[in-house]
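Please read the points below alongside the coordinates. They are short notes for a colleague who will work with the model.

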Amino acid sequence: MTTKSKEWLQYATAVLIVLSGIALTFICFFIKEEVTEGVLWYVAQALTFAGAVFGINIYFHSKIGESESRIKMYLDQQLQEKTTKP
């Protein structure tokens with residue numbers, strides 16, 4: 001499984017779970033005319049899961065970007081030092 005397909009699967013799962021929570025809330029409200037505690041718990045868990053999926057992925061990509069830029073700066077500096085020495 002490639003990295004792109006893993007990310008797509010994570011995002012799709014997060015969106016589907018949030019949509020299922022919203023649908024469950026509407027169904028519960030229109031059938032019982034109140035939203036029960038269990039439904040609210042499910043929606044909270046769905047939002048927590050989606051936030052974790054999106055947050056962890058963004059954090060991970062930002063840290064990798066920082067590391068890549070530090071390595072590139074270091075290598076450029078080393079290359080510049082070697083070319084300026086006689």
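The numbered points go from the whole chain to single residues.

1. Status of the model. This is a predicted model. The values in this note should be read as computed from that prediction.

2. Overall make-up. The protein chain has two helices and zero strands. Its radius of gyration is 23 Å, where the globule rule gives 12 Å for 86 residues; the value is well over the rule, so the chain is more spread out than a compact globule. The C-alpha trace spans about 85 × 25 × 15 Å along the principal axes.

3. Burial and surface. Of the 86 residues in the protein chain, 12% are buried. The chain exposes about 7,200 Å², and 69% of that area is supplied by carbon and sulfur atoms. As for contacts, take those between residues at least 6 apart in sequence: 56% of them join residues at least 24 apart.

4. Helix H2. This helix covers residues 37-84. H2 has 48 residues, and the distance from its first C-alpha to its last is 70 Å, close to the 70 Å expected at 1.5 Å a residue. Which residues of H2 are buried? They are Val 39, Ala 46, Ala 50, Val 53 and Asn 57.

5. Positions along H2. Glu 37 lies in this helix and is exposed, with a relative accessible area of 70%. Its C-alpha atom is separated by 29 Å from that of Leu 9, the two residues being 28 apart along the chain. Gln 78 is also found in H2; its relative accessible area is 26%, so Gln 78 is partly exposed. From Gln 78 to Leu 47 the C-alpha distance is 46 Å, for a sequence separation of 31 residues.

6. Across the sequence. Ser 20 lies in helix H1 and counts as partly exposed at 27% relative accessibility. Ser 20 and Val 43 are 23 residues apart in sequence, and their C-alpha atoms are 8.4 Å apart in space. Val 43 falls within the residue range of H2, 37-84.

7. The salt bridge. How many salt bridges does the structure hold? It holds one. The partners are Asp 76 and Lys 72, with their closest N and O atoms 3.0 Å apart. Side chains of opposite charge can pair when their charged atoms come close. Both Asp 76 and Lys 72 lie in H2, four residues apart, which is about one turn of the helix. An α-helix has 3.6 residues a turn, so residues three or four places apart point the same way. Asp 76 is partly exposed, at 40% relative accessible area. Lys 72 counts as exposed because its relative accessibility is 51% and the cut-off for exposed is over 50%.

8. The nonpolar patch. A nonpolar patch on the surface is formed by Val 15, Leu 16, Leu 19, Ile 22, Phe 26, Phe 29, Phe 30, Phe 54 and Ile 58, which together have about 920 Å² of accessible area. The elements giving two or more residues to this patch are helix H1 (3-32) and H2. Which element gives the most to the nonpolar patch? H1 does, with seven residues. One of the patch members, Val 15, lies in H1 and is partly exposed, with a relative accessible area of 40%.

9. The loop. Glu 33 is found in the loop between H1 and H2. Its phi is near 60°, a positive value in a residue other than glycine. Most residues other than glycine have a negative phi, and most peptide bonds are trans. Is Glu 33 buried or exposed? Glu 33 is exposed, with a relative accessible area of 66%.

10. Recap for the file. The chain comes to two helices, with one salt bridge in the structure and a nonpolar patch on the surface of about 920 Å². Glu 33, with its positive phi, sits in the loop between H1 and H2.

Terms used: Residues are numbered from 1 along each chain as its sequence is written. This is a predicted model: local features need pLDDT of at least 70, side-chain atom pairs count only at pLDDT 80 or more; totals for chains, interfaces and linings use all residues. Side-chain values use heavy atoms; hydrogens and water are left out. A salt bridge is a side-chain nitrogen of Lys or Arg within 4 Å of a carboxyl oxygen of Asp or Glu. Buried means under 20% relative accessible area, exposed over 50%, partly exposed in between (1.4 Å probe, protein chains only). The expected span of a helix is 1.5 Å times one less than its number of residues. Patches are made of residues with over 30% relative accessible area and no salt bridge: like charges are joined within 9 Å, nonpolar side chains (Val, Leu, Ile, Met, Phe, Trp, Tyr) within 5 Å. Accessible areas come from the Shrake-Rupley method with a 1.4 Å probe; for residues, only the protein chains shown count as cover. The radius of gyration is taken over C-alpha atoms; the globule rule is 2.2 Å times the number of residues to the power 0.38. Contact means heavy atoms within 4.5 Å.
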